[in-house]
Every structure is written in structure tokens, then in C-alpha cells.
Amino acid sequence: MIIDTHCHLQLIDRAHRRDCLQRSVDAGVDRWVVPAYQPEDWPLLDILESADGVQVAKGIHPWVADLYSPTLLDQLSLKLSNCCAVGETGLDGNDARPSQTVQLASLNHHLWLASEHQLPIILHAYKAHNALVREIKKHPSVKGVVHAFSGSYNQAMQYVDAGYLLGIGGVITYDRAEKTRKAISKVPLEALVLETDSPSMPIAGRQGEPNEPRYCKDIAITLANLKDVPLDTVIKTTTKNAVQLFGL
């Protein structure tokens, strides 16, 4: 059993979603964690959560953090009963994104919700490593995953030391991602989970195509090669990590 710990099934066309999940099951990827991107996703995730193997998380992505308000996340607090996590939230340092002030307010409200509901949190991190580490350390009771990790070994271990797992996706399938590949080869397998971020972040050789959860198997194979361990070890350990974090 392989768990895709981060895939946006709500962004896959409804007409193709069933076939996409069947291809995933056929590839041995038969459980999925689906995080929200924006509040409009929340009711759709309630529908998706009824499908076998689907678990959901609710939050507001930092790219749309300007939608955040304390009132809105107070409403979210009432909608977490069927969730395995809070998110997706986090920080993004791209100048085109909402201001860091707005992102920080949203992030910290999400972290507070995770603490109050005793749920893990799913974090997006891009060009904001130092600020994100600083904020999560203010909430030591909260654990979670930094999804789509693509940083250095030092950055990786700062998250791991704070009690977070790293979501490993398609970036490691690219030879040019030398820094991240080297970092992940040294990070303990017990700190890693698998993900695709479908339909984004296609694996090497699939550029230009919509990504799918089935390619989690290819990521697992790459990870096994990078760490020089059997594929079965990667699958069993990352699955155990995901089950423990999300309570699956």
C-alpha cells in the first residue's frame, strides 16, 4: 500500500477523476490525502471524503491568503471533524503573492486551529524557510508535514528537528535537482512521506502532462535508488509514517 499524502483531487476534472483513481489503485497507490486550496474547496472535499481511501484537510493556501479572515477560520473550526489535518497553509516568498503580513496571520491561525483540534498541519514552503521555521517553533505541540520539500539538508533537518515530516514528490526524479536529491539521500527515511501534488509537479519524463497519484510509485522507486534501500522498505516506512501522522 502506498499513500499519496498530498494530491488535489478537487482540481482533477470530475469526468476523469474516477479513472484517475483507478489508475492509481492499479499502480498500488490506494490511499490519498487531499488538502484544500481555498474555502470553495471545503464542501467539495466533504463529497470526496466519502470515497474509499480518501482523507481530507481543510485550510487556505498562502497563494490566496488574502481570502483569510479570523471569522472565516473560526468557521473552518466547525468544519474539521472529518479532517485528518489542517491545511494547506504556509508561507510563500514570491513577490507576486499576498503580503507576508497577511500570510503570517493566516498561518498562525491555522497553527492555532491545529493545536486546538489536535490535528497535524500541512505546510507549503517556498523562499520562506527561516520565517516558517520561526513560526512553527512558536507552536511546539503541533506536528505536520512540509509538503513538496526541495531544499538543502540543513533546511530539511531543521524541520525534522521541529517534529515535522517532509513530503517527497516529483522533484527528486529530476537529475538536475542535485541539491534536493543529495539532501533527501541523507535524511532518515522515518522522516519522509510520499506525495505527488497532483495535478501539478509532473515527474521527470512526464513534463507537460497532468500529474496523477499513480506516479507516487515512481517517486518511491527513485527514493529507494537514492537511499540504496529496497523499494519495499521505502513503501513500508513511508506508509507507516503517513499513518502515524494523519491517524489513517
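The residues that line the second largest pocket divide into nine nonpolar, one polar and three charged, and I should say at once that everything I describe today comes from a predicted model. This second pocket has a volume of about 400 Å³, and of the 13 residues that line it, the closest to its centre are Arg17, Arg18, Leu21, Leu48 and Ala51. If we ask which elements supply at least two residues each to this lining, they are helix α1 and α2, the latter spanning 41–48, and it is α1 that gives the most, with six residues.

Let me set beside that the largest pocket, which holds about 530 Å³ of space. Its lining is made of 24 residues, and those that lie nearest its centre are Trp63, His124, Ala148, Asp197 and Met201. By class, this lining has eleven nonpolar, eight polar and five charged residues. The elements that give two or more residues to it are β4, residues 83–92, and β5, residues 121–126, with β5 giving the most, at three residues.

Met201, which I have just named among the residues nearest the centre of the largest pocket, deserves a second look for its backbone. Its phi is near 55 degrees, a positive value in a residue other than glycine, and Met201 is found in the loop between β8 and α8. With a relative accessible area of 28%, Met201 is partly exposed, because that value falls between the 20% and 50% limits.

The loop between β8 and α8 also holds Pro199, and here the peptide bond from Ser198 to Pro199 is cis, with omega near 5 degrees. A further cis peptide bond joins Gly87 and Glu88, where omega is about 25 degrees, and Glu88 is found in strand β4; β4 is, you will recall, one of the elements that line the largest pocket. As a reminder of why I single these places out, most residues other than glycine have a negative phi, and most peptide bonds are trans.

Where else does a residue that is not a glycine have a positive phi of about 55 degrees? Gln118 does, and Gln118 is found in the loop between α4, residues 100–117, and β5. At 75% relative accessibility Gln118 counts as exposed, since it passes the 50% limit.

Turning now to the charged side chains, a search of the whole structure finds nine salt bridges, and I will discuss those that involve the residues around Glu212. The side chains of Arg23 and Glu212 meet in a salt bridge, at 2.8 Å from N to O. This pair links distant parts of the chain, for Arg23 sits in helix α1, residues 14–26, and Glu212 in the loop between β8, residues 192–194, and α8, so that the partners are 189 residues apart. Are these two partners buried or partly exposed? Arg23, at 31% relative accessibility, counts as partly exposed, whereas Glu212 is buried, with a relative accessible area of 12%, because this is under the 20% limit.

Glu212 has another partner as well, in that the side chains of Glu212 and Arg214 meet in a salt bridge at 3.0 Å, N to O, and Arg214 is partly exposed, with a relative accessible area of 26%. Taken together, Arg23, Glu212 and Arg214 are linked in a network of salt bridges. There is also a salt bridge between Glu209 and Arg206, the closest N and O atoms being 3.4 Å apart; Glu209 is partly exposed at a relative accessible area of 35%, and Arg206 counts as partly exposed at 33%.

Finally, the interior. The largest nonpolar core has 67 residues, and those with the most contacts inside it are Leu9, Val34, Tyr159, Tyr164 and Leu166. Helix α8, residues 216–227, gives the most to this core, with five residues. What surrounds Tyr159, if we leave aside its neighbours within four places in sequence? Tyr159 is in contact with Ala125, His129, Leu132, Val133, Ile136, Val146, Phe149, Tyr164 and Leu166, and of these, Tyr164 and Leu166 are themselves among the residues with the most contacts inside the core. A second, separate core consists of twelve residues, including Val33, Ala57, Cys84 and Ile122.

Key. Residues numbered from 1 in each chain as written. Predicted model: local features only at pLDDT ≥ 70, side-chain atom pairs only at ≥ 80, totals over all residues. Heavy atoms only, no water. Core = buried A, V, L, I, M, F, W, Y, C linked by side-chain atoms within 4.5 Å. Buried < 20%, exposed > 50% of the residue type's maximum accessible area, 1.4 Å probe, protein only. Helix = DSSP H or I, 4+ residues; strand = E, 2+ residues; numbered from the N terminus. Contact = heavy atoms within 4.5 Å. Salt bridge = Lys/Arg side-chain N within 4 Å of Asp/Glu carboxyl O. 1 Å grid on protein atoms, 1.4 Å probe; cavity = no way out; pocket = protein on both sides within 12 Å on 5 of 7 lines; lining within 4 Å. Points joined across faces, edges and corners; volume = space filled by probe spheres on them. Nonpolar A, V, L, I, M, F, W, Y, C, P; charged D, E, K, R; others polar.
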